[in-house]
Amino acid sequence: MRARPPAALEHGAVPWLLVVALATAGPHAEHLPAWLTVLVAAALLWRTWLWHQQQRMPPRWSLALLVIAAVAAIGWQFGSLFGKDAGVAMLVLFMALKPLEMHNRRDALVVIMLGYFLLLTHYFYSQSIPTGLWLLAACTLLTGALLRLHGGAQPVIAIARDAGLLLLQALPFMLLLYLLFPRVTGPLWGLPQDAHAGLSGLPSQMSPGSISNLTLSGAIAFRSRFAGEIPEQADLYWRGPVFDEYDGVTWRASRQHGRSPAPAPVIEARGPAHDYSSILEAHNQRWLLALDVPTRLPPDSSLAATLEAQSREPLRIRSRFSFSSVLDYRVNRMEAPASLQQALTLPPQGNPRTRALASEWQSRPPARIAEAALAMFRQEDFHYTLRPPLLGADAIDEFLFDSRRGFCEHYASAFVFLMRAAGVPARVVAGYQGGELNPVDGYLTVRQSDAHAWAEIWLADEGWLRIDPTAAVAPSRIEQGIVAALPAGEPLPGIIRLDADWMRDLRNRWEAANNTWNQWVLGYNPQRQREVLSRLGWPDPDWRSMTALLAVLCGLALLLVALWTLPGRRRDDPVQRAWQAYCAQLGRRGIVRADWEGPLDFAQRVAREKPELATLTSEAARHYAELRYGEGDGDSDGEPLRRLQQCVQRLPPQRRRRI
Amino acid sequence: MRRRERFQRWLFHLARDEQVPIVLTQRRIFIVPTSGGLLFAVVLAVMLIGAINYNLSLGHALTFLLAGLGLVAMVHTFHNLFGLRLTAGRAEPAFAGDLARFPLALENPRRQPRRALEFSFKDQPVVTADLSPQGRATIAVPFVTHQRGRLDPGRVTLTTRYPLGLFRAWSYPYPPFSCVVYPKPLRTPLPGASPGAHADHRQGDSGQEDFAGLRPRQISDPTRHIAWKAVARRSDEQALLVKQFAGGAMDELWLDWSLTPAERGDEDRLSILAGWIMAADEQQACYGLRLPGQQIAPAQGDAHRSSCLQALALYGETEARDAR
């Protein structure tokens, strides 16, 4: 092809491109440094003003200087030019500056391609249903801009309609590709460090306030669906990290287990198993929050010596796991001496009053010691609150004897301290307790606000036994959930404290829709793809046959789109159709109209060759000629057409041929 | 080279189209991605890698939607040409150096509009057209003429990038276009009339002293003789009236090849003759034309002027050009 100068950019197309730049770069303002947002806004406003005044664009060298300065600033701000956030910042910068050197249609095309790419980067930050809808709207806008660029001026509505129609026709391809395109588990190479920032969940160590802070969030931690009955609310203890090392302030998981692998736990089931599957939000940790205690684990996971189910890799994307758990159990009646020793270790100093109290109880049997501690919580003036006073150096002393106001982590921590001081092996378990059934889809929703901490003690014949000191203070926390346990005025998130039924119902519906979205759209990974295809009757697809099927189906869809948009074969012209029907009838009677024969000429020939049809044919020909070539057909009421159509019916019946 | 030409002739259907109207069937429409389309493909590939790497389900969805959009755009670009009907019209003669306009009647038989159709002859300016659903339009495809004679502009290149500019579909309709190109007129004083008399006549250009009355218009009368004012005054009458003139302008004038300066080339002499014809016609003179081997009897009017100019245009090479 010979090279032509690129087509000029129409003045009227420029606003489309500016809106494209605004729509694709604008929403990123949330994640970008303020100076970049200001720069982007200024560049776009400047370009709009230049467009309005029909002024020349700035010279190239000044833009080059601006780009170099801004890129340097981005590098300085993010410490690198690569990585997720820096990359997005660069794209946004180019999107804002490219319109300033947009001279022809090719430049405009680059802006739109950049826009398509920028759309993708929005999904780094959110992939919710509203973002998905925004995808469609933004795609329509960008496609409309392409249409405006190549199709000339039209009303905005017409362009939007055409763009929508194009996307509608593209939708079947998207569905086919989504379903059948062989999925690869990412990442393809090491992700930049900032790829998983901002995932929240249970902390990997516990100090006063770490659980209660989490409780302030109404975000969903995971959802579970049980194959059978959902167990009692008071039995729903979802096990997270186990903390067995205390330094006076913070509880941690002891490193000892990591160094020399402890023997696998021995679980004796004493009740029925419950099957369920959970969809966990990404929390960038390894624990899988199984119900105490899991007996069957999903693949690629293991049970730690301290009974928490762990995946091999930290959980960085929302994932689905199936478990089986028993709620009535005995575990590790024979515990390794090293573990018991760890479960008795306390810091050498601190909290003298607590140690004195424990030494009073030391002579009693271990079960009675626990009972005494719980009785103290129950009978004396302890309060359950999200806003405990700040504690000093001897935190447990101050809590047990002075302030007596605390959240679950205070009670669990004080209880375990007491037990260890009295010679009973004990440890802190963090996790979630309870959950709320969503009647819309039958999933049990567990939120960050359900985060909880409890204790376990080890008794010689019983093994590890769960003791929840919070239940002694606020039984309703365990039986009915945190909303019932905390007095009004506590700073709980609004989403879990909905009083009106309709609002609760609305929230349930929204979350059920989100759950479906998460499972079927966002959670569509290689494993899910195999599941779906085998359910569709294709048990073991490999990528080659999938690609082949995909190609065939896309070809078929292409054919359908082609047929849909094929020119209507003039069947919408009733005049032509009626006249052709008449001529076809005459053809059966032995007079075939030649292609070049006009209606009136044909009528004359018919009059010569078949005089009995002369009047009717000349009438039909006159009507046809009038409709086709006559004047004033604009205000016709269809009467001549009806008469032409009647001519066909008025033809005398054909003489039957003798066989 | 020879083989390549034959291949192109076969692939692109380069023979002259004889049927009327020319219908663009799929055999005649070609489609390739534009540079923008290739950029789009590269962007999609990068987006897919990004979506896989970051496990972005919506990123997959967006990439797949855009891939579908590209496929659909290909179909639409093809259909923007498919089924279009073209009928060539007769091109009005033009003077060398002017634009010859080749009328092309377009008919859109389908119920969707067609947009951004670009027509051009090879290396010639482009004209674009839009067609409404089942609409018709007539466009004039321009051709910058250079020399007198019978002009065969060659095939038309019909291109479209609508709707998204990702693909370029084109076709090479080759309607039986032909146009007579007159020699470029060279203005020199008319022969046989003294410059003084010529100037006198120019002063009386409005011709009022020679005005001899009105008569109904005949079809051969030049349109500029119509007495529009008189027609407007007598609105009840159907026929147009023309002004009749009397006077010296009706003298016979022979524009003869032998009167042109022999030292100039043939083309210049033809141009001088063309200039004389234009001047004589403007003065409403009654003139005849003598060329070596042919002669046109004196007359006046638009038809006469056209036949004289055509004789100049085709002088000397008529047979050779027609044989093609």
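What share of the 324 residues in chain B is buried? Colour chain B by burial to see the answer: buried residues make up 36% of it. Keep in mind as you go that this is a predicted model.

**Stop 1: chain B as a whole**

Switch to a cartoon view of chain B, and you can look for 8 helices and 17 strands. Contacts in this chain often link distant parts of the sequence: among those with a separation of 6 or more, 68% are between residues 24 or more positions apart.

**Stop 2: the five-stranded sheet**

Now select β2, β6, β7, β10 and β11 of chain B. Together they form an open sheet of 5 strands, in the order β2-β11-β10-β6-β7, with antiparallel pairing. At its edges you will find β2 (29-33) and β7 (127-131) of chain B, each of which pairs on one side only. Turn the view to follow the twist, which averages 25° from one strand to the next.

Next, pick out residues 156-160 and 167-171 of chain B. These are strands β10(B) and β11(B), which run antiparallel and are joined by 3 bridges. Show the side chains of Thr159(B) and Trp170(B), and you will see that Thr159(B) stands opposite Trp170(B) in β11(B).

Add residues 57-81 of chain B to the selection. This is helix α3(B), which packs on the sheet and touches β2, β6 (114-121), β10 and β11 of chain B. The direction of α3(B) makes about 25° with that of β11(B).

**Stop 3: where two domains meet**

Give chain B two colours, one for domain 1 (1-182) and another for domain 2 (195-210 + 246-322). The contact takes 7 residues from domain 1 of chain B and 10 residues from domain 2 of chain B. On the domain 1 side, the elements that give two or more residues are β9 (149-151) and β12 (179-182) of chain B. The largest share of that side, 3 residues, comes from β12(B). By class, the domain 1 side has 4 nonpolar, 1 polar and 2 charged residues.

**Stop 4: a two-faced helix in chain A**

Move to chain A and select residues 352-361, helix α11(A). Which residues of α11(A) are buried? They are Thr354(A), Ala358(A) and Trp361(A). These three lie on the same side of α11(A) because they cover an arc of only 50° around the axis.

Show α12 (366-379), α13 (395-403) and α14 (408-421) of chain A as well, since the buried residues of α11(A) pack against them. Finally, rotate to the face turned away from the buried side of α11(A), which carries the exposed residues Pro352(A), Ala356(A), Ser359(A) and Glu360(A).

Notes
Residues are numbered from 1 along each chain as its sequence is written. Chains are lettered from A and ligands numbered from 1 in the order in which they are written. This is a predicted model: local features need pLDDT of at least 70, side-chain atom pairs count only at pLDDT 80 or more; totals for chains, interfaces and linings use all residues. Two strands pair if DSSP finds at least two bridges between them. Helices (H or I, at least four residues) and strands (E, at least two) are DSSP runs, numbered from the N terminus. Axes are lines fitted to C-alpha atoms, for helices over the stretch in contact, and angles run from 0 to 180 degrees between N-to-C directions. Domain bounds come from an automatic or database domain assignment. Ala, Val, Leu, Ile, Met, Phe, Trp, Tyr, Cys and Pro count as nonpolar, Asp, Glu, Lys and Arg as charged, and the others, Gly among them, as polar. A residue is buried if 20 or more other C-beta atoms lie within 10 Å of its own, exposed if 12 or fewer, and partly exposed in between; C-beta atoms are placed from the backbone. The arc is that of the directions from the helix axis to the C-beta atoms.
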